[in-house]
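Reader: I'd like to go through this model with you, piece by piece. Could you put it up so that we can talk about it?

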Amino acid sequence: MKIPSFMALIFLLFLICNIGHALSLYRDSSGNDTRLSFTSILFRHGQRNPNAFYPKDPYIDMSYWPDGLKMLTKKGKLQEYELGQWLRRRYESLIPDGKYSEELVYVQSTDVDRTLMSAQANLAGLFYPRKEEMWSDLPWQPIPVHTVPKKLDKLLSMGFPCPRLIEEDHAVKKSDFLKKYNEEHKKLYKYLTKYTGEKIKDPKSCDLIYTNLLIESQTINNFTIPDWAKKVYPDTLHKIGGFSFALPTSTTILKRLRGGPLLKEIITHMKQKRNGILFPNRNLWIYSGHDDTVAALLNTMGVFEQHMPPFTATVMVDLRKNKNNKFFVEIYYKNSTEEPFLLTIPGCTPTCPLDDFEAHLSEVIPENWDAECQVN
């Protein structure tokens, strides 16, 4: 029998309203019923303008960039707002009645305009005000976003002085492995130097070229990229860029000192949640960062597939509990506009017991970051 149209509509609304519940309670990869208890979310800021220009950049005139260099664009603000809406649907079960509360969520950003603005835009979508939360005709509510100056940041931008980190970075730059890589790409570096006017000598110096071409391309701003660029963009430069993003966490020491602090905080919060001592007893911990923040966390956990994390790339570390009060961790990565996919840390299962999760990653979790940063 054909279902009446109004009944079909009711059924559809029922499905939509229960998306959060479906995510909250489901059968995991091991066949166990688990319920979502807590999540840590790290996302990259939205689309931005170039940070700087290479000397022969055809769009160096600031009339092309009315929002200013390094700044979030209108499209970037919308991307973050839509990501916030998506997160609200995904984590509906962790937001009782859909209301914001400072005891429910904590948000931290790097001390950079585009990440602070991204956090605000994201939260506007995540905590779209209900009728009782409205304080004016403006459908928005202010949500606190915490930050610290870069030179004091030990968690996200890693700007706090760490001599051992600088020493290890220098060792990687001087390593035979990187020397061999640069020698293999010497012809490409020479080609890029000729047409960009920028001295290209290593993978990192290719990042600016790729990012500017991406921002200026038809994909984003619909500008015409130079003919020379079509030989190396996007594939060749993207591949080198992915290699470049792996270098800052390419050794155990680098993982431990650069990605380790954030991973340690995430694990600490999950253990406190499990033990009933997280205070306030929050359900969401949100971080607004950069492409290198995303790459560092993924690579530190051993799940980074070399690439350049796109705008709004999002890592979600979910804590789940089964009926026997056993806790498990699942890592999801949302790459651009695609649905997230489940990642598996080396040595464990996709749905990894919390204690096993910590044990498998113990090598890259600093015990005392300040002490380990000192050079002997």
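Author: Before we start on the helices, a word on terms: contact here means heavy atoms within 4.5 Å. Please also keep in mind that this is a predicted model.

Reader: Fine. Which residues of α8 meet which residues of α9?

Author: On the α8 side they are Pro-203, Lys-204, Cys-206, Asp-207, Ile-209, Tyr-210 and Leu-213, and they meet Leu-237, His-238, Ile-240, Gly-241, Phe-243, Ser-244 and Phe-245 of α9. Sorted by class, this contact has nine nonpolar, three polar and two charged residues.

Reader: And at what angle do the axes of α8 and α9 cross?

Author: The crossing angle is roughly 130°, and the axes of α8 and α9, the latter covering residues 235-246, come within 9 Å. That makes α8 oblique to α9, and the crossing of the two is left-handed.

Reader: What about α7 against α8, how do their axes cross?

Author: The axes of α7 (residues 186-196) and α8 (residues 203-216) cross at roughly 45° and come within 11 Å, which means that α7 is oblique to α8. The crossing of α7 and α8 is left-handed. Tyr-189, Leu-192 and Thr-196 of α7 meet Pro-203, Cys-206 and Ile-209 of α8, and by class this contact consists of five nonpolar residues, one polar and no charged.

Reader: Cys-206 keeps coming up. Buried or exposed?

Author: Cys-206 counts as buried because its relative accessibility is 1%.

Reader: Staying in α8, what does Asn-212 touch?

Author: Asn-212, which sits in helix α8, is in contact with Pro-50, Ala-52, Phe-53, Tyr-54 and Asp-57, once its neighbours within four places in sequence are left aside. With 1% relative accessibility, Asn-212 also counts as buried.

Reader: Switching to cysteines, how many disulfides are there?

Author: The count comes to two disulfides. One joins Cys-162 and Cys-373, the other Cys-348 and Cys-352, and in each pair the sulfur atoms are 2.1 Å apart. When the bonded cysteines are numbered in sequence order, the pairing reads 1-4, 2-3.

Reader: Where does the Cys-162 and Cys-373 pair sit?

Author: The disulfide of Cys-162 and Cys-373 links distant parts of the chain, since Cys-162 is in the loop between α4 (113-126) and α5 (163-173), while Cys-373 is in the segment after α13 (369-372), 211 residues apart. Both Cys-162 and Cys-373 are buried.

Reader: Why is one disulfide left-handed and the other right-handed?

Author: For Cys-162 and Cys-373 the torsion about the S-S bond is about -95°, so that disulfide is left-handed, whereas for Cys-348 and Cys-352 the torsion is about 95°, so theirs is right-handed. In the second pair, Cys-348 counts as buried at 16% relative accessibility, and Cys-352 counts as buried at 1%.

Reader: Next one, His-269. What is around it?

Author: His-269 lies in helix α10, residues 252-275, and it touches Phe-38, Leu-278, Trp-285 and Tyr-287, not counting residues up to four places away in sequence. At 7% relative accessibility, His-269 counts as buried.

Reader: And how much of α11 is buried?

Author: Helix α11 (residues 291-300) is mostly covered, with nine of its ten residues buried; among them are Asp-291, Val-294, Leu-297 and Asn-299. After α11 comes Gly-302, with a positive phi near 80°.

Reader: Backbone oddities, then. Which peptide bonds are cis?

Author: The bond from Tyr-233 to Pro-234 is cis, with omega near 5°, and Pro-234 lies in the loop between α8 and α9. The bond from Phe-279 to Pro-280 is cis too, with omega near -10°, and Pro-280 is in the loop between α10 and β4 (284-289).

Reader: Which residues other than glycine have a positive phi?

Author: Lys-70 is one of them, with a phi of about 70°, and Asp-97 is another, with phi near 60°. Lys-70 lies in the loop between β2 (33-44) and α3 (74-90) and counts as partly exposed at 43% relative accessibility. Asp-97 is in the loop between α3 and β3 (105-109), and Asp-97 is exposed, with a relative accessible area of 55%.

Definitions and conventions:
Residues are numbered from 1 along each chain as its sequence is written. This is a predicted model: local features need pLDDT of at least 70, side-chain atom pairs count only at pLDDT 80 or more; totals for chains, interfaces and linings use all residues. Side-chain values use heavy atoms; hydrogens and water are left out. Axes are lines fitted to C-alpha atoms, for helices over the stretch in contact, and angles run from 0 to 180 degrees between N-to-C directions. Helices (H or I, at least four residues) and strands (E, at least two) are DSSP runs, numbered from the N terminus. Angles under 35 degrees count as roughly parallel, over 145 as roughly antiparallel, 65 to 115 as roughly perpendicular and the rest as oblique. A crossing is left-handed if the near helix is turned anticlockwise from the far one by less than a right angle, and right-handed if clockwise. Ala, Val, Leu, Ile, Met, Phe, Trp, Tyr, Cys and Pro count as nonpolar, Asp, Glu, Lys and Arg as charged, and the others, Gly among them, as polar. A disulfide is a pair of cysteine sulfur atoms within 2.5 Å. Buried means under 20% relative accessible area, exposed over 50%, partly exposed in between (1.4 Å probe, protein chains only).
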